[in-house]
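User: I've got this one open in the viewer and would like a close look at a single part of it. Could you take me through that spot and then set it in its surroundings?

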Amino acid sequence: MMNKEELLFRGGAEDALSGKKVLLIGCGSVGSEIADKLGAAGVGSLSIVDPDEYSPSNIYRHLLDSRWLFEPKSLAVSYQLMSKYPWLEANGIIYSLLNLRYQDILREFDLVIVAIGSPTQERIFQDFVAQNSINTPVIYTWLEGYGIGGHAVLDVPKSEGCLKCAYVDPENGRRGLASNLNFLEPDQEVVKNFAGCGEMFIPYGHLSSSQTALISTDLALKYLRGKQTESAKVSWKGDDDDVIDQGLKLSRRYSSFDKNLKVQSLCHPMCDVCSDQKFITYAGHGLKLRIPVSVAEELKSYRQEGSSDVESAGLLIGYGKDSTYTLYRITSPQKSDIQSRAYFKLDPAPHQKIVDEYFSSSDGLLGYIGTWHTHPQSIPSPSNLDLNDWLVHESENQDRQLFFIIIGTDELKIFGIIDGESVEFALEDDC
Ligand SMILES: [Zn+2]
Ligand SMILES: [Zn+2]
């Protein structure tokens, strides 16, 4: 007799996952391996959806063996996995992604995984999920050709970050057709016509689909175990030899990306679904600084209104396009900072660490754009200490304009250093 608890435990699988229900849409080379790994991890129930039959061209990059040729992939994988994992309940459904737009069905699952590699269909599906307030999280995963890499995005409703965040074009803030996670430049001819028989495919090997299945399953298990509760993204980055041989161009992200396999925040600062798009604007000297209303409120919450309130300070994190800068986040006072009534000593290390995390998860879009601090004055004016401090910051960051915010008890003032002189930016009227 087989003892379930003992076998699961000895195999490294988890009993805690046996109550979880996962809907896997897409059972090709990536999807079938995800199914196998979820089964091995001890996930209890797996519904596998795919409209296609297992064809000879699949054999060298698919979980199934050739006995299953010309059978529906979803059914074949379900049968194969149920005989491999005795306590897995798997069922195959011969459907496509867009047939699954049924709220009641989607709500039954703990997690949906979409492994079809079609951004257009995924977008329509995600719109349906969002419009109907379906709270089931969805993982979207895809790989790129020639072994260059693969990606997985976890969209947890009501948390920061959504599928659109992975498609915002950082040049203009609009939703692009290609993901901003991709390592290949968009609009290149990556798809090949297989031996002229009309079957189109993206050239990649079995290892690429396995690696992509690994990062997706890792993300799925982190979510199912409660270790990952916010929307997230993860990529694996491969060698560029084959891409260069093919004369294909790499994206800017490929060269800067150094967070292989690391789960990062999905939230894109320019996504209009996820970030505050109501701004107050300060302008002057040919420059603008946009501050989201929510961030302005956060800054004001540090006002030194009480007679014993201490000074607070932190860094400004944002991005600049042409002469318009956008403040995205501020760092708050950290434990190792020294705060008193009219003095603040900022410990740079923990603040810089926060800036670095935003820099990395935004692929270099977000960075340090200045400082903020409070004064116990109603209308604040910079001290000599402030001016000297700003001159140092400005000289160390010649590549960008910096902004310096002082929060008084009644007013908030924004300054900058231009040509070695302190200048003030004025609040623009709402229009
Ligand atoms: Zn978003
Ligand atoms: Zn000051």
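Is Gln 211 buried, partly exposed or exposed?

Analyst: Gln 211 counts as partly exposed, because its relative accessibility is 35%. Keep in mind that this is a predicted model. The residue belongs to helix α6, which runs over residues 206-224. For a partner from another part of the chain, look at Leu 143: Gln 211 and Leu 143 are separated by 68 residues in sequence, yet their C-alpha atoms are 9.1 Å apart in space.

Now for the surroundings. The protein has 11 helices and 20 strands, and its C-alpha trace spans about 80 × 50 × 40 Å along the principal axes. Of the 431 residues, 48% are buried. If you take contacts between residues at least 6 apart in sequence, 67% of them link residues at least 24 apart. The exposed area comes to about 20800 Å², with carbon and sulfur atoms supplying 50% of it.

For a look at the inside, try Thr 371. This residue sits in strand β17, residues 367-374, and counts as buried because its relative accessibility is 9%. Leaving aside residues up to four places away in sequence, Thr 371 touches Gly 314, Leu 315, Leu 316, Trp 390, His 393, Phe 403, Phe 404 and Ile 405.

On to the charges. There are 40 positive and 60 negative ones, and the mean positions of the two sets are 4 Å apart. Side chains of opposite charge can pair when their charged atoms come close. The structure has 16 salt bridges, and a few of them are worth clicking on.

Start with Arg 253 and Asp 363, whose side chains form a salt bridge at 2.9 Å, N to O. Arg 253 is in helix α8 (residues 252-256) and Asp 363 is in the loop between α10 (348-361) and β17, so this pair ties together parts 110 residues apart in sequence. Both ends are tucked away: Arg 253 is buried at a relative accessible area of 6%, and Asp 363 is buried at 16%.

Glu 428 and Lys 288 make another salt bridge, with 3.6 Å between the closest N and O atoms. Glu 428 lies in the segment after β20 (421-427) while Lys 288 is in strand β12 (residues 287-292), so the pair ties together parts 140 residues apart in sequence. Here Glu 428 is partly exposed, with a relative accessible area of 32%, and Lys 288 counts as partly exposed at 33%. There's a network to find as well: salt bridges with shared partners join Glu 411, Lys 413 and Glu 424.

Then there's Asp 65, which forms a salt bridge with Arg 67, the closest N and O atoms being 3.1 Å apart. Asp 65 is partly exposed at 31% relative accessible area, whereas Arg 67 counts as exposed at 67% relative accessibility.

Finally, some acidic residues gather on the surface. Asp 239, Asp 241, Asp 242 and Asp 245 form a patch of negative charge there. Asp 245 is part of helix α7, residues 241-245, and counts as exposed because its relative accessibility is 65%. So back at your starting point, Gln 211 with its 35% counts as partly exposed, while Asp 245 counts as exposed and Thr 371 as buried.

Conventions. Residues numbered from 1 in each chain as written. Chains lettered and ligands numbered in written order. Predicted model: local features only at pLDDT ≥ 70, side-chain atom pairs only at ≥ 80, totals over all residues. Heavy atoms only, no water. Patch = residues over 30% accessible without salt bridge, like charges linked within 9 Å, V, L, I, M, F, W, Y side chains within 5 Å. Areas by Shrake-Rupley, 256 points an atom, 1.4 Å probe, with all protein chains shown as cover. Salt bridge = Lys/Arg side-chain N within 4 Å of Asp/Glu carboxyl O. Lys, Arg positive; Asp, Glu negative; His and termini not counted. Charge placed at Lys NZ, Arg CZ, Asp CG, Glu CD. Helix = DSSP H or I, 4+ residues; strand = E, 2+ residues; numbered from the N terminus. Buried < 20%, exposed > 50% of the residue type's maximum accessible area, 1.4 Å probe, protein only. Contact = heavy atoms within 4.5 Å.
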